[in-house]
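Me: I would like to go through some labels given to a structure and ask what each one rests on.

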Amino acid sequence: MGTVRCFEDFKIWQDARLLVNQVYLYTAGVKDYGFNDQVRRAAVSVMNNIAEGV
């Protein structure tokens, strides 16, 4: 196992970032802006919580 210097080195954080990218792509055409915003913020929250827990 390699050395971790920052939270971006964690595979789980990298996977969460991919999730955020996919969520943004899939919700790009959604016209319900409240739903769109909530789903996007939830995905970003996953990534932020991983970084905060390090």
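The turns below take a few labels for this predicted model and set each value against its cut-off.

Me: What makes Phe7 and Trp13 an aromatic pair?
Reply: Their ring centres are 5.3 Å apart. Rings count as a pair if the centres lie within 6.5 Å, so the label applies. The structure holds one aromatic pair.

Me: Why is the pair called edge-to-face?
Reply: The planes of Phe7 and Trp13 make an angle of 75 degrees. Planes over 60 degrees apart count as edge-to-face, and therefore this name is used.

Me: Is Trp13 buried or exposed, and how do you know?
Reply: Trp13 has a relative accessible area of 10%. Buried means under 20%, so Trp13 is buried. Phe7, with 28%, is partly exposed, because that class runs between 20% and 50%.

Me: Why is Thr27 called buried?
Reply: Its relative accessible area is 7%, and the cut-off is under 20%, so Thr27 is buried. Thr27 is found in the loop between helix H1 (11-26) and helix H2 (33-52).

Me: What makes the approach of Thr27 to Val23 a polar contact?
Reply: The side chain of Thr27 reaches the backbone oxygen of Val23 at 2.7 Å. The limit is within 3.5 Å, so the distance fits.

Me: How do you know that H1 and H2 are roughly antiparallel?
Reply: They pack at an angle of about 170 degrees, with axes 9 Å apart. Angles over 145 degrees count as roughly antiparallel, so H1 and H2 are given that label. By class, their contact has 13 nonpolar, no polar and two charged residues.

Conventions: Residues are numbered from 1 along each chain as its sequence is written. This is a predicted model: local features need pLDDT of at least 70, side-chain atom pairs count only at pLDDT 80 or more; totals for chains, interfaces and linings use all residues. Side-chain values use heavy atoms; hydrogens and water are left out. Rings of Phe, Tyr and Trp (its six-membered ring) pair if their centres lie within 6.5 Å; planes under 30 degrees apart count as stacked, over 60 as edge-to-face and the rest as tilted. Buried means under 20% relative accessible area, exposed over 50%, partly exposed in between (1.4 Å probe, protein chains only). Helices (H or I, at least four residues) and strands (E, at least two) are DSSP runs, numbered from the N terminus. A polar contact is a pair of N or O atoms within 3.5 Å; within protein, one must be able to donate a hydrogen and the other to accept it, and residues adjacent in sequence count only if both atoms are side-chain atoms. Axes are lines fitted to C-alpha atoms, for helices over the stretch in contact, and angles run from 0 to 180 degrees between N-to-C directions. Angles under 35 degrees count as roughly parallel, over 145 as roughly antiparallel, 65 to 115 as roughly perpendicular and the rest as oblique. Ala, Val, Leu, Ile, Met, Phe, Trp, Tyr, Cys and Pro count as nonpolar, Asp, Glu, Lys and Arg as charged, and the others, Gly among them, as polar.
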